[in-house]
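This briefing is meant for a reader who is meeting the structure for the first time. It takes up the ligand and its surroundings, then the charged pairs, and lastly two backbone details.

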Amino acid sequence: MSNNREYIDLHLHLDGAITVEIAKELARLQEITLPTEDDDELQTLLSVPKDCTSLNDFLSCFALPDSLMQTEEGLREAVRLVMDNAISQGVIYAEVRFAPQLHTDKGMSQEQAVLAALDGLKQSKLKGNLILCCMRGENTMDANLETLELAKKYLVEDGGVVAIDLAGAEALFPTKDYRDLFIRAREYGVPFTIHAGEADGADSIRAALGFGASRIGHGVRSYEDAALMQLVIERGVPLEMCPTSNRQTHAVENMDDYPLIDYLEKGIKVTLNTDDPAIEGTTLSEEFRYMEETFGLTREQKKLLLKNAVEAAFTSESVKSELRKRLLCESMETQ
Ligand code: ADE
Ligand code: ZN
């Protein structure tokens, strides 16, 4: 491996990556008064609650970062700052995801939100792409269909919108209810990943695979069903695993049993990601260190995680080839 300290993040939420510094800069630019001027208090407001017991608690942290991204300027700068911040942590390619429908509080349309985020992406020095999140929820179908239409309109192979996702409270709004959305995405040729097997179990992953998901967000609970595990292996569908997030949301109750290495050994295409690094208080290099120090991730396994990320990325062959050269031995390209 050419350099041990370079990474790819395929599962990174924009609103989960707003650090104290970025929040202050977004507030300054838009003349927004933050709820506190004290950095430590702001840090607490932007962090997972200490008594977080579920994904539902975890998702309560997003109101503040989202409130700073309700204008084109706020959203554009957020994308640029989050991506540039990732560079300083060793990330060389990132897919940043956000839900355009969560940025319309002050009258911005979903399309304006997408265009603003695209501007931010272009201004960043980091190579990357955008994934548009649809949202689980009571009344999100129309907004989700609009997001899908925008993904179709702006879809590119590289350097822009490359896929859609389904985010939000999985335990409350089951994946199977989003069938029509993803069948249409498939008809349109819009690739998608779906958060599944995080707050809900194997059936959620099975539904996502049934719709034709190219990747699964988390998928950590695949072990709950041996037949499903076999299906994940046979289909070669990559899992975007995020261990610190899974610990904090209690997706996995006993972290001693965290299945990442077992999945790798069984031939599942596992990738390692952050999810919401600022909210969780982590970085991608810390996730790798956590896997190495706590679970004994070997050098070869680390290389495999990086190789899986290159192959799973929603990007062009030419970018994949560059990433392979930079992250992996040349010989990996032919394997
Ligand atoms: N939005 C931000 N983080 C999320 C997660 N871990 N699961 C579902 N939706 C999210
Ligand atoms: Zn996520």
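In this predicted model, ligand 1 is surrounded by His 13, Leu 55, Leu 59, Phe 62, Ala 167, Gly 168, His 195, Glu 198, His 218, Asp 275 and Asp 276. Ligand 1 sits in the largest pocket, and salt bridges in the model come to a count of 20.

**Ligand 1 and its contacts**

- Among the residues around ligand 1, Glu 198 places a polar side-chain atom 2.7 Å from a nitrogen atom of the ligand.
- Gly 168 takes part through its backbone, one polar atom of which is 3.0 Å from a nitrogen atom of ligand 1, whereas His 13 has a side-chain N or O atom at 3.5 Å from a nitrogen atom of the ligand.
- Considered on its own, ligand 1 exposes 260 Å², and 95% of that area is buried by the protein.

**Salt bridges between separate elements**

- Side chains of opposite charge can pair when their charged atoms come close.
- One such pair is Asp 39 with Lys 24, whose closest N and O atoms are 2.9 Å apart. Because Asp 39 belongs to helix 2 (residues 39-45) and Lys 24 to helix 1 (residues 20-30), this salt bridge ties together parts that are 15 residues apart in sequence.
- Asp 39 counts as partly exposed, its relative accessibility being 36%, and Lys 24 also counts as partly exposed, with a relative accessibility of 36%.
- Lys 125 and Asp 84 form a salt bridge with an N to O distance of 3.5 Å, and this pair links distant parts of the chain, 41 residues apart, with Lys 125 in the loop between helix 6 (110-123) and strand 3 (127-135) and Asp 84 in helix 5 (residues 72-88).
- The two partners fall into opposite classes of accessibility, for Lys 125 is exposed at a relative accessible area of 68%, while Asp 84 is buried at 16%.
- A further salt bridge brings together the side chains of Glu 149 and Arg 184, at 4.0 Å from N to O. Here too distant parts of the chain are linked, since Glu 149 lies in helix 7 (residues 141-154) and Arg 184 in helix 8 (residues 179-188), 35 residues apart.
- Glu 149, at 33% relative accessibility, counts as partly exposed, and Arg 184 is likewise partly exposed, at 34%.
- Some salt bridges share partners, and in this way Arg 76, Glu 77, Arg 80, Asp 84 and Lys 125 are joined into one network.

**Two histidines with positive phi**

- Most residues other than glycine have a negative phi.
- His 218, one of the residues around ligand 1, has a positive phi, near 75°, although this residue is not a glycine. His 218 lies in strand 6 (residues 215-218) and is buried, with a relative accessible area of 0%.
- His 250 likewise is not a glycine and has a positive phi, of about 60°. His 250 is located in the loop between helix 11 (243-248) and helix 12 (260-266), where, at 31% relative accessibility, His 250 counts as partly exposed.

Note on methods:
Residues are numbered from 1 along each chain as its sequence is written. Chains are lettered from A and ligands numbered from 1 in the order in which they are written. This is a predicted model: local features need pLDDT of at least 70, side-chain atom pairs count only at pLDDT 80 or more; totals for chains, interfaces and linings use all residues. Side-chain values use heavy atoms; hydrogens and water are left out. Helices (H or I, at least four residues) and strands (E, at least two) are DSSP runs, numbered from the N terminus. Buried means under 20% relative accessible area, exposed over 50%, partly exposed in between (1.4 Å probe, protein chains only). A residue is near a molecule or strand if one of its heavy atoms lies within 4 Å of it. A polar contact is a pair of N or O atoms within 3.5 Å; within protein, one must be able to donate a hydrogen and the other to accept it, and residues adjacent in sequence count only if both atoms are side-chain atoms. Accessible areas come from the Shrake-Rupley method with a 1.4 Å probe; for residues, only the protein chains shown count as cover. On a 1 Å grid over the protein atoms alone, a cavity is a set of points where a 1.4 Å probe fits but cannot get out, and a pocket is an open set with protein on both sides within 12 Å along at least five of seven lines; lining residues have an atom within 4 Å of a point. A molecule sits in a cavity or pocket if more than half of its atoms lie within 2 Å of its grid points.
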